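Visitor: I am new to this structure and would like a close look at a single part of it, please.

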Amino acid sequence: MKGFGAIAPNNVGWMEKDRPVCGPMDAIIRPLAVAPCSSDTHASHGGSGPLDHVILGHEAVGEVVEVGNLVKNFKPGDVVVVPCCTPDWTEKNMQQRGANNAHDAGLMKSFKLLGSWDGVFAEFFKINQADANLVLKPENVSIESALMTVDMMSTGFYGVEMADVQFGETVVVFGIGPVGLMAVAGTALRGAGRIFATGSRPNCVELAKEYGATDIINYKNGDVVEQILALNGGQVDRVIIAGGDCSTMTQALCLVKPNGTIASINFYDATDSFAYPAYLWGLGMSDVTIKGGFCPGGAYRIEKLLNLIANKRIDPSKLLNYKFEGFEKIEDAFKVMDEKPRDLIKPIVYINWD
Ligand code: NDP
Ligand code: ZN
């Protein structure tokens with residue numbers, strides 16, 4: 001079969017691979033819509049480790065073409081929403097109270113589509129433990145919105161959950177790319193009072209306001225901390241980081257009150273380090289919680305996110321402003337994601353196999 005991915009670091013292209021083999025609890029799926037992610041482009045440059053002919057892609061809605069003999073809930077022809085993390089639910093770590101299911105056998109090990117085997121930019125891809133990991137696409141949820149649950153919404157909302165946003169609170173969201181935009185929308189759904197969001201791209205700024213940001217801070221127009229402290233008249237309750245670099249953590253520590261929370265869903269470069277003075281963390285006594293986490297997956301979570309869309313609490317399809325048609329257009333969509341023209345929010349590729 002054909003697939004698109006990383007041949008070597010900084011070298012992407014099409015490749016021929018064997019069609020994946022379906023285990024007793026697995027499903028083999030054909031993609032119907034896929035979206036490239038910042039993590040795919042990051043990985044293609046070697047940012048997530050060694051690469052040798054790896055098919056990329058981990059955001060998909062697809063059609064089941066084959067199921068293993070132990071699969072009960074799905075059959076060929078079903079249209080399914082595919083979480084980007086598909087845990088092995090038999091791993092003991094899954095039993096830890098409050099565990100994020102992204103880390104089944106260890107750090108981000110549930111991210112099987114980028115790490116364990118080939119991804120979704122392929123004619124066929126495999127999903128483990130289909131009954132626990134796949135969700136039938138609800139009739140009243142569009143393919144675009146369904147596609148945005150699997151990573152963008154799950155990650156952005158996880159930032160909000162980690163930050164533990166409460167009614168009426170003041171929250172800063174660093175970054176209004178597709179992940180940060182979903183964090184803004186989730187923060188608004190959680191009932192925050194004031195939401196500061198940082199970014200500069202006009203399309204993203206407009207959408208951030210639509211999703212509930214009350215104040216947009218352009219980090220290119222001066223120090224973010226000074227701008228927010230001045231407008232807010234002091235520190236904020238929670239900070240969610242979905243953009244920036246290691247120095248953003250220092251800014252977050254300047255911004256958050258004692259007892260507050262900093263929740264990061266950002267990827268940091270492997271060669272970068274966090275360095276902040278002890279006084280910013282109250283000499284270790286500020287009761288400020290710092291968390292960083294990865295996109296949770298599994299059927300239960302994605303079902304909850306789809307339920308928000310089905311009941312019109314949120315429309316994540318607004319993120320998709322670059323549209324491509326045809327399997328071979330995955331290459332163009334990937335390049336757009338890598339080059340990030342200023343008007344891009346998120347690309348989608350529709351695939352028709354007829
Ligand atoms: P984008 O690059 O589209 O967005 C980044 C945002 O951060 C933009 O709004 C950008 O502003 C803003 N920004 C950049 N630099 C700064 C700065 N110094 N201060 C304040 N704001 C800044 O990324 P995505 O939304 O696609 O992804 C966000 C992050 O989440 C990435 O690191 C990505 O790899 C990661 N990610 C993490 C996942 C997880 O599970 N934890 C899953 C998926 C993605 P501007 O408008 O100027 O561009
Ligand atoms: Zn991703």
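Visitor: Which domains does the domain assignment give for the protein chain, and how many residues does each bring to the contact?

Guide: This is a predicted model, in which local features need pLDDT of at least 70 and side-chain atom pairs count only at pLDDT 80 or more, while totals for chains, interfaces and linings use all residues. Residues are numbered from 1 along each chain as its sequence is written, chains are lettered from A and ligands numbered from 1 in the order in which they are written, and side-chain values use heavy atoms, with hydrogens and water left out.

The assignment gives domain 1 (2-137 + 315-350) and domain 2 (155-292), such bounds coming from an automatic or database domain assignment. Taken over C-alpha atoms, the centres of domain 1 and domain 2 are 28 Å apart, and their contact (heavy atoms within 4.5 Å) takes 13 residues from domain 1 and 14 residues from domain 2.

Between them about 1,300 Å² is buried, with carbon and sulfur atoms giving 59%; buried area is the accessible area (1.4 Å probe) that two parts lose on being put together, summed over both. On the side of domain 1, Leu319, Arg342 and Ile345 supply 41% of the area buried against domain 2, more than any other three residues.

The interface of the two domains also holds 1 salt bridge, a term for a side-chain nitrogen of Lys or Arg within 4 Å of a carboxyl oxygen of Asp or Glu. Glu210 forms a salt bridge with Lys318, and their closest N and O atoms are 2.6 Å apart.
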